[in-house]
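This report walks through a two-chain model, taking up its sheets, its helix packing and the contact between the chains. Please keep the sequence and the structure in view while reading.

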Amino acid sequence: MKDKYKKRWILVGIIWSFALAIFTFNILKIERYSKEKEKLVAQERIRKFLKKHESVLKNAVKEKKRLYDHIPSPNIGLIKVEELLNKLANGNGLEVTRIGHEEAVEGDNSINLSIMCRGAIRDFIKTLYSIYSRYPYLEINTVKLDLYRDKKGIFEIRLKYNFVISPQ
Amino acid sequence: MRFRAKKEEPFLFLTDKQLFVLEYDDHFKIKKDFKIEELISYPEPFQKELFLKEIRILIIPDYWVVTRFYPIATKKSSVVESFLKRKLPADFPDASDCKDFFEYFFYKQAEQEGIQVYVIQEELFYILYRNLFSAFEIEKITSPAFVWKAKLGKKIKDITTGLKIFMHIYQKSAYLCFFLDSYFLFSRLISIEEDYIAQLSYELMQSFRLVSQKTKKEVEKIYLIPKENSDVERLSETLGVEIINVSDQVELSSPSSEIVEKMGSFAFLKKSDLSDSAKFFYFSYRPLKELKEWTFFQNTGIVVGIFIFILMLMEAVYLNNIIPKIKNATNINTPVIQDYISAIDELLHHKEKPDPSLIIMKILACTSEKIYLQHIEIELGSPSSIGLVGYVSVFNVKDFQDIFSTFLSKIKKSFEYAQIPTLMDIDLKRAGEQGFNFKFSFEFNEG
């Protein structure tokens, strides 16, 4: 007889344990739901922002492409850039004394380059401006000028050549 | 409120010699009978007969029930019950289990507050209950007198006040119940002869005397179910007490003489007299009653628990369904955003880098005839820096100060956000008689 009532208490305990367990489970779910909801709101804002500024962002992606030279291999890129720098310096009346570069490292998308030249300051400034404004994939890091009294000098530009390997 | 499945519910009718399993169909019928002596030593047939059956009511003989008045001031049930559990075994030393079979009600006797207690005082009953009945969780243990009192009480309101007698004359017996105020005093079963009026009158007079001595009260009325209609008049004449014929007011069944012989006056009762609505007095086995007091809380706990569990389960299902939907809804093209972010970062980084040709021109514009710059070093980064080495062609310090201060102020003007060193911080050296060498550097952040 007592067993029947004891069993009933056990049943009450089991039912309430299940209710409590599922309540806890739901609380955790609701917390997760709240987080997801916050994420959804944030993402909705992002989506609206993307929609509103789509053209600007696409333009940015396009602009970014200009920051990298699209080449089939680093060596070809180096040859191309060295020729370009030579041509620019010579074209502006500078005498290129040395062009050097670091070894290309596999997986890296940039190579450090340096160019040394001599000539008039004015010509050097023109060359520097050409590199800066026309070739965004050539990132100028250091510029050194040793100047003489006759407005001439020896110049060195250290720059980073940024590229992307893309089969042509 | 209790809900029960409609199934066969036999009643148990116990005498000191036999146990009857009763059924009701127009009137009580004996389904099975057991001899008590055999039942104690060999209970299996009884257990087999009632296996898986619900027995709610057990009828015991009236004389197994005794009453006792205890003067007690409190009306707190817990105090009264603990008092009775201590007091009853002391007052009924021969009734070992009396503390498990008692009921009480608050009662005022001779202007004294107290409790009227009914106790089942019968060792045979305890033995039978322990060995046979405890397995059935019998809800109500009562006696014929209590059932008759409830039945009469429905029709005759004044049975609950004063000293009253109920008498039922049937076949060869007369059943007498004595009630004082609302409680049952005792009952008698008298075997009657051919001319029973004189015999009954004598027996009643004996009982009147006994009761009057005990209760200090006189018998007020006799409620009679007569065998013959003339019984009322004849008894009234003999006894000198008001006798009321209640046979028209109470509905009786028509049992067979065999049943009446075995069960007495109780056989004339109807099934409805034993229903919950009949509200007759009954005992419950105390430990079972105490356990059953928790039944409400247990049932409530189970029902509320299941209800909450189902609600929670529904909520869980709902939550389980909506979270994936939200997840699907939030899927935006992350790689594209990453592309945009990296593009903007790189463009900003590129735009932050100042034009070195412009910097050189700004520096050269700050010089004058007397200042000759020998070396310029520009580091472009974040922040950018400029290092300058040069020569100022002047003879004295004062001129140098003037010219160089002008040069520094021009530099400061050209590089608005730069921290240009003061004259004190600049590395200066005399270069012979005609000039000074200088060397300094500064950082700047402008694009």
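## Sheets, helices and the chain contact

In chain B, helix α7(B) lies across β9, β12 and β13, and its direction runs at about 170° to that of β13(B). The model is a predicted one, and every value below is computed from it.

The strands that α7(B) crosses, β9, β12 and β13 of chain B, belong to an open sheet of five strands in the order β11-β10-β9-β12-β13, with mixed pairing. Within this sheet β11 and β13 (242-245) of chain B each have a single partner strand and stand at the edges, so one side of each is left without a neighbour in the sheet. On average, and with direction ignored, neighbouring strands here are turned by 20° against each other. Helix α5 (residues 144-155) of chain B also packs on this sheet, where it touches β9 (163-170), β10, β11 and β12 (219-225) of chain B, and its direction makes about 110° with that of β11(B).

At one edge of the sheet, strand β10 (residues 173-180) of chain B and strand β11 (residues 183-191) of chain B run antiparallel and are joined by eight bridges. The two strands form a hairpin with two residues between them, and B:Asp181 in the turn has a positive phi of about 50°. Among the facing residues, B:Phe179 stands opposite B:Phe184 in β11(B), while B:Ala174 has B:Ile190 in β11(B) as its bridge partner.

Helix α7(B) also has a helical neighbour. Two packed helices are described by the angle between their axes and the distance between the axes. For helix α6 (residues 196-215) of chain B and helix α7 (residues 230-239) of chain B, the angle is about 45° and the axes are 10 Å apart. That angle makes α6(B) oblique to α7(B), and the crossing of the two helices is right-handed. From α6(B), the residues B:Ile197, B:Leu200, B:Ser201 and B:Leu204 meet B:Asp231, B:Arg234, B:Leu235, B:Thr238 and B:Leu239 in α7(B). Sorted by character, the residues of this contact are five nonpolar, two polar and two charged.

A second open sheet in chain B has three strands in the order β5-β7-β6, and its pairing is antiparallel. Its edge strands are β5 (65-71) and β6 (102-109) of chain B, each of which pairs on one side only. The average turn between neighbouring strands of this sheet is 25°, direction ignored. Strand β6(B) pairs with strand β7 (residues 112-120) of chain B in the antiparallel sense over eight bridges, and B:Glu113 in β7(B) is the bridge partner of B:Lys108. Helix α3 (residues 77-91) of chain B packs on the sheet and touches β5, β6 and β7 of chain B, its direction making about 100° with that of β6(B).

The antiparallel strand pairs, including one that joins the two chains, are set out here.

| Strand pair | Bridges | One facing residue pair |
|---|---|---|
| β10(B) and β11(B) | eight bridges | B:Ala174 and B:Ile190 |
| β6(B) and β7(B) | eight bridges | B:Lys108 and B:Glu113 |
| β4(A) and β14(B) | five bridges | A:Asp146 and B:His375 |

One further residue of chain B can be described singly. B:Phe133 lies in helix α4 (residues 123-133) of chain B and is buried, because 20 other C-beta atoms lie within 10 Å. Leaving aside neighbours within four places in sequence, B:Phe133 is in contact with residues that include B:Leu58 and B:Ile138. B:Phe133 and B:Gln47 are 86 residues apart in sequence, yet their C-alpha atoms are 9.4 Å apart in space.

Chain A has four helices and five strands, which run α-α-β-α-β-β-α-β-β from the N terminus on. Of its 168 residues, 21% are buried. Among contacts in chain A between residues at least 6 apart in sequence, 61% join residues at least 24 apart.

The contact between the chains takes 47 residues from chain A and 47 residues from chain B. On the side of chain A that touches chain B, α1 (2-52), α2 (54-66), α4 (121-134) and β4 (138-147) each supply at least two residues. The most comes from α1(A), with 25 residues. By character, the residues on this side of chain A divide into 29 nonpolar, four polar and 14 charged. Across the boundary, β4(A) pairs with strand β14 (residues 371-379) of chain B in the antiparallel sense over five bridges, and A:Asp146 stands opposite B:His375 in β14(B).

How values were computed
Residues are numbered from 1 along each chain as its sequence is written. Chains are lettered from A and ligands numbered from 1 in the order in which they are written. This is a predicted model: local features need pLDDT of at least 70, side-chain atom pairs count only at pLDDT 80 or more; totals for chains, interfaces and linings use all residues. Axes are lines fitted to C-alpha atoms, for helices over the stretch in contact, and angles run from 0 to 180 degrees between N-to-C directions. Angles under 35 degrees count as roughly parallel, over 145 as roughly antiparallel, 65 to 115 as roughly perpendicular and the rest as oblique. A crossing is left-handed if the near helix is turned anticlockwise from the far one by less than a right angle, and right-handed if clockwise. Two residues are in contact if their C-beta atoms, placed from the backbone, lie within 7 Å. Ala, Val, Leu, Ile, Met, Phe, Trp, Tyr, Cys and Pro count as nonpolar, Asp, Glu, Lys and Arg as charged, and the others, Gly among them, as polar. Two strands pair if DSSP finds at least two bridges between them. A residue is buried if 20 or more other C-beta atoms lie within 10 Å of its own, exposed if 12 or fewer, and partly exposed in between; C-beta atoms are placed from the backbone.
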